[in-house]
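User: I have a structure open and would like to go through how its parts fit together. Can you take some quick questions?
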Amino acid sequence: MAQEVTIEEHVQHIDDELARLILTVAGMSVDIRNEFPHRLMGIAGTNKYGEVVAELDAWVNDYICKKLAATGLVRKIYSEELVQPMLVKEDAPFVVAMDPLDGSSNIVTNNPFGTIIGIYRKDLPVSGDNLAASLYKLYGPITTLVYDAGKGVHEFVKHRKGHAKYCLLNENMRVPSEGGVFGLGGEPLDWTPEFLGFAKSLVKVHGLKLRYCGAFVGDFSQILHKGGFFAYPSSVKSPKGKLRLFYEAQPMAKIFEDAGGATWSGSESLLQTKCDDVNVRTPLYFGSKELVELLKGVKTVAHKDGE
Ligand code: F6P
Ligand code: MN
C-alpha cells in the first residue's frame, strides 16, 4: 500500500512561514480534543455579541491565542471571543481571524463542532480575496483538517494507523456540481417568502436531501463533500443573519470557492464583501454555481418589522 502523506510533507510546497503557521494550528488538535471531556457543561459568561460563551469556548480561545503568539509569526489575532483584537508582535507577517470553537451549542449533545481560521498578510478589515490561507478543523467522530493556501483544497485525517499525525484524505477537493444535500439555519417562518420558496425548490425541483447538524463547520463539510446548498439567511429578526463575516464566512468562502463552489452574501460573493466593522454579521449562502446563480434572482434580504 502506498505510503501515507502527512500534512508536514504536504505543506512543503507552500511558503515556509505560512506552512509553519498551518502546522502550528494542526499541532493543537490533541490538546484541544483531550480537553473536551473536562469542560462539557460550564458557562464562562457572554461574548461581545451577548451570546453565551461555554467554558470550552473560552479555554480553546485562550489556548489557540497562546500557541499562535508563541510562533512569532502572528502580528494580531481577531477572534469571535476577544472583545478587542490581541496585538502580538508588530513586525510579524500574519494577521489571524478565527472562530475558535464554532458550533459550541453542540457541545452538550455531543454533536460536531470545530475551529475556523483565516490567515491574512494585511490587517483587517479587508475582503476575503486577501486571505493567504484558510483552514478548519472538524471535531466529529474523527478529527479532520481542511487547508487551502491558494494551491488547492486538501483534507487530512488525524490518528490513522495508530499515529497522531494528520494524513492526507482528499487532495484538490472539488464541490460536486450536481446532487447533494442541503442545510438551512435560522427560523424558516422569518425568512422572506421568496427565500422560503427557494428552500422548497431545493427539495421539489433539485431533489436535495435535508442534512442539518447546527454547527457551521459540520454543515459546511457536508456540502464540500456532497455538493448542494447551505445557508444561514437573512431573517426578519436578524436581517444580517447570525454568522460573522470575518471569523466564519470569509475563511470558509475561500475554501468553498477554491473548490469550485459559489458563495453569496445577499448582494455579492462573500469573498468580495467589504465592511469596516470586524465584528459584523452577514447572511451567508454556499452552494453549487448553478444554485447560487438561481439564488441571485431571489429576494433574500428580510427587514425588521416596521423598517
Ligand atoms: O457560530 C454560530 C453557530 O454556532 C454556527 O456554527 C451555527 O451554524 C449556528 O450558530 C447555529 O445557530 P442557531 O442554533 O442559533 O440557529
Ligand atoms: Mn461559530
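User: How many residue pairs are in polar contact across the interface of domain 1 and domain 2?
Analyst: The rule finds 16 such pairs across that interface, both residues at pLDDT 80 or more. A polar contact is a pair of N or O atoms within 3.5 Å; within protein, one must be able to donate a hydrogen and the other to accept it, and residues adjacent in sequence count only if both atoms are side-chain atoms. This is a predicted model: local features need pLDDT of at least 70, side-chain atom pairs count only at pLDDT 80 or more, and totals for chains, interfaces and linings use all residues. Residues are numbered from 1 along each chain as its sequence is written, chains are lettered from A and ligands numbered from 1 in the order in which they are written, and side-chain values use heavy atoms, leaving out hydrogens and water.

User: Where are the domains?
Analyst: Domain 1 covers 7–170 and domain 2 covers 181–296, with bounds from an automatic or database domain assignment. Their centres, taken over C-alpha atoms, are 21 Å apart.

User: What is the area buried between domain 1 and domain 2?
Analyst: It is about 2700 Å², with carbon and sulfur atoms giving 61%. Buried area is the accessible area (1.4 Å probe) that two parts lose on being put together, summed over both. Of what domain 1 buries against domain 2, Tyr49, Ile116 and Tyr136 supply 21%, more than any other three residues.

User: And how many salt bridges cross the interface of domain 1 and domain 2?
Analyst: Three, by the rule: a side-chain nitrogen of Lys or Arg within 4 Å of a carboxyl oxygen of Asp or Glu. The whole structure has 13. Separately, Arg39 and Glu55 meet in a salt bridge at 3.0 Å, N to O. Arg39 sits in the loop between helix H3 (29–35) and strand S1 (43–46), and Glu55 in helix H4 (residues 55–70), 16 residues apart. Helices (H or I, at least four residues) and strands (E, at least two) are DSSP runs, numbered from the N terminus.

User: Switching topic: which residues are the protein donors of the manganese ion (ligand 2)?
Analyst: Asp99 (OD), Asp102 (OD) and Glu248 (OE), lying 1.9 to 2.2 Å from the ion. Donors are N, O and S atoms within 2.8 Å of the metal (3.2 Å for Na, K and Ca); water is not among the atoms, so sites may look incomplete.

User: Why does the pair Asp99 and Glu248 tie together parts apart in sequence?
Analyst: Because Asp99 lies in strand S5 and Glu248 in helix H7 (residues 245–258), 149 residues apart in sequence.
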